[in-house]
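Work through the exercises below with the sequence and the model at hand. Each task is followed by a solution in steps.

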Amino acid sequence: MGETRLAAHVFLWSLSALYMFAFASLYVQIPGLYGNDGILPARWMLRLVGKSMWERLRDTPTLLWFGPQLGLDTQHCMELLSLSGTILSLAAMTVPALRDCRLYFILWVFYLSLYKVSQVFLYFQWDNLLLEVGFLAILIAPMKMPWGNRSLSTWWGLTALTYHYETQCIPMPLPVCPPVAVWFQKLSVVATFVIEIAVPFLFFSPIRRHRLFSFYTQVLLQVLIILTGNYNFFNLLTIALCCSLLDDEHISLWLADAHSTMRGVRTSSAF
């Protein structure tokens with residue numbers, strides 16, 4: 001297997017960027033969603049019922065339990081965690097030396113603390129995947145809910161995509177175009193089976209070409225999902241996770257191609 005130092009940096013940088021967007025987007029929504037007059041006040045999840053601090057942390061593991069000791073109510077404590085997470089994520093993006101497992105542990109704890117009191121607004125597959133991938137980053141730094149389906153018969157009958165576009169949470173403009181042929185949708189289901197069931201076994205192949213093939217097929221699937229539906233940063237996070245399949249040699253080829261393209265653009269603009 002080739003060197004993976006650059007691949008690890010790409011993965012950790014990508015995760016840092018996604019953490020930053022996740023924390024920042026949550027920060028601006030906290031007053032309306034979780035404030036005292038919000039839709040689902042977070043303080044409802046932290047009611048004191050005579051339990052010790054250990055029992056509270058065991059039942060609901062979140063740093064928000066320590067808010068009163070800092071003189072902060074639940075909303076302000078959530079804002080502090082979100083803002084701190086945004087700043088730390090941005091720092092990890094811009095300073096490679098900060099991409100340390102301890103920093104990713106802090107980011108993971110911050111997001112878990114917010115997740116535990118955020119109720120339905122953070123109960124999406126991208127939030128679960130962010131926590132899972134974030135925990136993985138703790139292990140690899142230098143010091144994911146399956147989609148629901150109407151029934152299994154739709155998958156076995158290769159008709160799942162005829163329902164998927166009508167039932168996904170936030171459709172994008174592409175699937176509302178004139179419907180494609182049923183045979184093409186069935187073929188797409190077969191391709192999904194291959195990419196999501198068979199291809200992942202190539203992740204562990206000792207043959208470099210197999211891993212690169214699996215990377216590009218996974219990215220292709222995620223891009224197609226992005227074009228047809230809005231799943232927040234779920235697909236971007238999956239692509240970032242797939243970067244672990246790359247090695248330094250392949251990323252160097254990307255960089256070389258990018259430099260060549262830039263030189264060509266500059267040369268043509270000079271004339």
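**Exercise 1. Place N232 and describe its backbone and exposure.**

Solution. N232 sits in the loop that joins α9 and α10. The model is a predicted one, and in it the phi of N232 is near 55 degrees, a positive value in a residue that is not glycine. Most residues other than glycine have a negative phi. For exposure, the relative accessible area of N232 is 44%. Buried requires under 20% and exposed requires over 50%, so N232 counts as partly exposed.

**Exercise 2. Decide whether α10, the helix after this loop, is largely enclosed or largely open, and find what it packs against.**

Solution. Step one is to list the buried residues of α10: F234, N235, L237, T238, I239, A240 and C242. Step two is to compare this list with the helix as a whole: seven of the nine residues of α10 are buried, so the helix is largely enclosed by the rest of the structure. Step three is to look for partners: the buried residues of α10 pack against α1, α5 and α9.

**Exercise 3. Describe the largest nonpolar core and the helices that build it.**

Solution. The largest nonpolar core contains 48 residues. Those with the most contacts inside this core are L15, Y19, Y34, M78, Y104, Y111 and L130. At least two residues of the core come from each of α1 (5-34), α3, α4, α5 (125-140), α9 (208-228) and α10 (234-242). Take L15 as an example: leaving aside residues up to four places away in sequence, L15 touches Y104, L130, V133, G134, A137 and L237. Another core, of ten residues, lies apart from the largest one, and its members include A7, L212, V219 and C243.

**Exercise 4. How many disulfides does the structure hold, and why is C242 not in one?**

Solution. The structure holds zero disulfides. A disulfide is a covalent bond between the sulfur atoms of two cysteines. For C242, the closest cysteine sulfur belongs to C243 and is 7.4 Å away, which is too far for a bond. The cut-off used is 2.5 Å. C242 is also buried, with a relative accessible area of 7%. C101 is another buried cysteine, at 14% relative accessibility.

**Exercise 5. Locate L98, classify its exposure and list its contacts.**

Solution. L98 falls in the loop between α3 (74-94) and α4 (101-115). Its relative accessibility is 35%, so L98 counts as partly exposed. Not counting residues up to four places away in sequence, L98 touches A91, A92 and L103. A longer-range pair can be added: L98 and P142 are 44 residues apart in sequence, and their C-alpha atoms are 9.8 Å apart.

**Exercise 6. Which residues form the nonpolar surface patch that includes L187?**

Solution. The patch consists of W183, F184, L187, V190 and V194, with about 500 Å² of accessible area together. L187 belongs to helix α8 (residues 182-198). An α-helix has 3.6 residues a turn, so residues three or four places apart point the same way. With 49% relative accessibility, L187 counts as partly exposed.

**Exercise 7. Summarise the chain as a whole.**

Solution. Start with secondary structure: the protein chain has eleven helices and zero strands. Next comes burial: 40% of its 271 residues count as buried. Last is the surface: the chain exposes about 15,700 Å², of which carbon and sulfur atoms supply 69%.

Note on methods. Residues are numbered from 1 along each chain as its sequence is written. This is a predicted model: local features need pLDDT of at least 70, side-chain atom pairs count only at pLDDT 80 or more; totals for chains, interfaces and linings use all residues. Side-chain values use heavy atoms; hydrogens and water are left out. Helices (H or I, at least four residues) and strands (E, at least two) are DSSP runs, numbered from the N terminus. Buried means under 20% relative accessible area, exposed over 50%, partly exposed in between (1.4 Å probe, protein chains only). Accessible areas come from the Shrake-Rupley method with a 1.4 Å probe; for residues, only the protein chains shown count as cover. Patches are made of residues with over 30% relative accessible area and no salt bridge: like charges are joined within 9 Å, nonpolar side chains (Val, Leu, Ile, Met, Phe, Trp, Tyr) within 5 Å. A salt bridge is a side-chain nitrogen of Lys or Arg within 4 Å of a carboxyl oxygen of Asp or Glu. Contact means heavy atoms within 4.5 Å. A nonpolar core is a set of buried Ala, Val, Leu, Ile, Met, Phe, Trp, Tyr and Cys residues joined through side-chain atoms within 4.5 Å.
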